[in-house]
Each structure stands twice: as C-alpha cells, then as structure tokens.
Amino acid sequence: MPVQSFVYNSVPQRVVFGAGSLQHLAREIDALGARRALVLCTPEQRVQAERVADMLGAHAAGVFDRAVMHVPIETAREAREVAQRLGADCAVAIGGGSTTGLGKAIALDSGLPILAIPTTYAGSEMTPIYGITEAGMKKTGKDFKVLPRTVIYDPELSMSLPVRMSVTSGINAIAHAAEGLYATDANPIMDLMAEEGIAALGRALPAIRASAQDAAARGDALYGAWLCGTVLGNVGMALHHKLCHTLGGSFNLPHAETHTIVLPHALAYNAAAAPEAMARIAKALGGGNAAQAVFDLARDNGAPVALRDIGMKESDLDVACAHALQNQYPNPRPLERDAIRALLQNAWEGVRP
Ligand SMILES: NC(=O)c1ccc[n+]([C@@H]2O[C@H](COP(=O)([O-])OP(=O)(O)OC[C@H]3O[C@@H](n4cnc5c(N)ncnc54)[C@H](O)[C@@H]3O)[C@@H](O)[C@H]2O)c1
C-alpha cells in the first residue's frame, strides 16, 4: 500500500535494554544529574527494591513500598511527601504499571525525573499517560512531565513474574499494538513497532508458559512490551481500551486479565472495518484470523478467557454496555448498542470469536 500522509512525534527517552542491564543503574542515575533516588515498589516487590537501593548505596534516599493498583490520591500524596522529606531528586520505579503509575503521580506534582525498571509487560513506562484515583473515580490525563526519562529493561527481573501474569500482561501489551494498528492517528513507524511487538510476544508467551526461566523468551517478551508500550504512548486507543477502562474502573476487575479476555472480542467487533490491521495482527501471530489467534494465544497458555471467571456478574453487563457507549470516541466501526452488548456477553461467557 502507498504511504499516506501522517504525523509522527518522536519522544525523547533513553532505553537501556538487556539481561543484566540493571547493573547500569548508578550510571543512569548519574546521567540524569540526580544524586538521591527514592525507590518505589509494591509491598510484594520490596526485596527487588531493596536490591536496587543497595546498588545505589549513598545515592538511595530510601524505599517507598506502598504502590497499589490505580494510584489512590492518598498514596500519591504520601509518596510525594516522603520524596520531599528525604530530599529525593529522582524516583526509581521498579515494578509493573502500578509502580510506574505512582512514579508518574510524583512527577506530575514535583517534576522529579523518573527512571523506570519495568517488570511486567503493561508498557506504562513508554507513555505520558497518568491515572490517579480520587473518591473512587480514576482520572487519567496526559502530560510529558510524567514520561520516565530513562527506562532500564532487564529481562532477568521479569523471571519472577508468575506464568499466568506473564501471559495476561503480554496480551495486555498486544492490545496496545493491535489498537494502534487501526488508530485514527496511526502512522507507518508505529505500525512497524506494533507488528514486531505482537510477533515478539506471540512467540515469547508459549515459551514462558513452558519455562518461566527461559531467558530468550523473557527477553523477547520485554522487547515486545517495549514496542507495544511505545505504540500506546504515541497513537490513540479505541473500543478495546475503553471497554477495559470501564470494566476495570466500575467493577474492579484485574487489569491484565480483563484486557486478555476482551481483546479477541473487540478485534472481532472491528474486524470488517479494519481489515489491514487485522491482516497485520494475524500475520504477526502466525496467520489465520486475528481475533481467533489472540483468543487461542490466551486459552492455550492458561489465561482466563471469560469475564465470569474473573468476578464479573452477568447482571452488570447492561451497565457496562451503557458506560461503554458514553462519550463517543474514534473507533473503526461505529459503536452500536446491540453489537456491543453481544460482545460483552461473548466475553463474559468466554466463547471463541
Ligand atoms: N498509564 C499507562 O500508560 C498505563 C499503561 C498500562 C497499564 N497502566 C496501569 O498499570 C496498572 C497495571 O499494571 P500491571 O498489569 O503491570 O500490574 P501491577 O503493576 O499492578 O502488578 C501486579 C502485581 O504483580 C507484581 N509483580 C510485578 N512484576 C513482578 C515480577 N517480575 N515478579 C513478581 N511479581 C511481580 C506486582 O508487585 C503486583 O503485586 C493498572 O492500574 C493500569 O491502569 C497504565
């Protein structure tokens, strides 16, 4: 197909990739011009965070281990106060999207540079998008102040991510790339990254299922996550992300699992309206039908495929549908109530699209 006109924004960010690349942390903190780093993590990843703090020695201001999903405003405020009290001049976020999100909330307020060390495949480290939850409502926004200045991708740190979470997190990443391929502001550079990212994850996830310690597969998966996260940060998302945001926010469903279950159905919904994107997704996953290929990748690797299996009630599907139809947004196929309701029913039951 001939190249159409497009706009491409290049984002200034430094990426250090490779097994063992955590060893470059002190050098990277120095390159940011920082002297005292506050290390952020969830309570579950305290040990990894302490290792990071140990590596920084006198350049570690402390460890704040209270990151949780969806960045409650109270936690963000507390982390900002701790950063200020300890005289931190940068934050190191080691963990998944929840920890990176806490780093972003600190950066939004203080302008502190963030160095992210992602240990899942969610991709938040590559986006200027932040989310903060206040009084039960998650507000999201976009500000380049929150974009991590440096990202260290060390696949060795993702070895401990349980297989099921690795598979769902990997499909969460695929979702960014898949929707990027049919974005209204898509461009050929992001398309390349999207297809390559999906392919890398498509080959990595079955290998990780076979062995969580497969170093090559962990490298492939993190590389794919980087590419897919870059797509998320550069072009607009559509129906799939809106549905997942609604389901996660209103019914408190787990982030990566929700993405994994909904994606095949969102792709089936958009298939006829975005045939070129579907062809690229299918090609990256080894051919066939894009929606079915994603469904099979999840099911065959032990991920959940039905919303009813992750705590969604059938009686809530009507409300979820109504939310998804609010605030119209760009999507290849117009939002049609009956078809969206059927999509949700299929996702709830876990039928193969
Ligand atoms: N702003 C953005 O651009 C963006 C993008 C993607 C996700 N997000 C947000 O990120 C959150 C989800 O992030 P997530 O899916 O990465 O999950 P998460 O960060 O909530 O992590 C889930 C759990 O896995 C643990 N974990 C992470 N890596 C591990 C490892 N290597 N070994 C063992 N345990 C590990 C974490 O400590 C946590 O307990 C959501 O709130 C979502 O909205 C934001």
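**Figure 1. Close-up of D296, a buried residue of helix 11**. In this predicted model, D296 has a relative accessible area of 17%, and because buried means under 20% relative accessible area, D296 counts as buried. The residue is found in helix 11, which covers residues 290-300. Its side chain makes a polar contact with the side chain of R299, at 3.2 Å. When residues up to four places away in sequence are not counted, D296 touches N301 and R352.

**Figure 2. Close-up of V71, a residue with a positive phi**. The phi of V71 is near 45°, a positive value in a residue other than glycine. V71 lies in the loop that runs between strand 3 (60-64) and helix 3 (73-85). Is this loop residue buried or exposed? The relative accessibility of V71 is 6%, and because the limit for buried is under 20%, V71 counts as buried.

**Figure 3. Close-up of N252, in the loop between helix 8 and helix 9**. N252 is not a glycine, although its phi is positive, at about 55°. The loop that holds N252 lies between helix 8, residues 239-251, and helix 9, residues 255-270. With a relative accessibility of 64%, N252 counts as exposed, because exposed means over 50%.

**Figure 4. The two domains of the protein chain and the contact between them**. The chain is divided into domain 1, residues 14-158, and domain 2, residues 163-349, and the centres of these domains, taken over C-alpha atoms, are separated by 26 Å. Where the domains meet, 18 residues of domain 1 are in contact with 20 residues of domain 2. The size of an interface is often given as the accessible area lost when the parts come together. For domain 1 and domain 2, the area buried between them is about 1,700 Å², with 69% of it on carbon and sulfur atoms. Which three residues supply more than any others of the area that domain 1 buries against domain 2? They are F17, Y121 and M126, which supply 39% of that area.

**Figure 5. Polar contacts and residue types where domain 1 touches domain 2**. Between the two domains the count of salt bridges is zero, whereas four residue pairs are found in polar contact across the interface, both residues of each pair being at pLDDT 80 or more. On the side of domain 1 that touches domain 2, strand 1 (14-17) and strand 7 (137-142) each supply at least two residues. The residues of this side divide into eleven nonpolar, five polar and two charged.

Notes. Residues numbered from 1 in each chain as written. Predicted model: local features only at pLDDT ≥ 70, side-chain atom pairs only at ≥ 80, totals over all residues. Heavy atoms only, no water. Domains from an automatic or database assignment. Contact = heavy atoms within 4.5 Å. Buried area = accessible area lost by both parts, 1.4 Å probe. Salt bridge = Lys/Arg side-chain N within 4 Å of Asp/Glu carboxyl O. Polar contact = N/O pair within 3.5 Å; in protein donor to acceptor, adjacent residues only side chain to side chain. Helix = DSSP H or I, 4+ residues; strand = E, 2+ residues; numbered from the N terminus. Nonpolar A, V, L, I, M, F, W, Y, C, P; charged D, E, K, R; others polar. Buried < 20%, exposed > 50% of the residue type's maximum accessible area, 1.4 Å probe, protein only.
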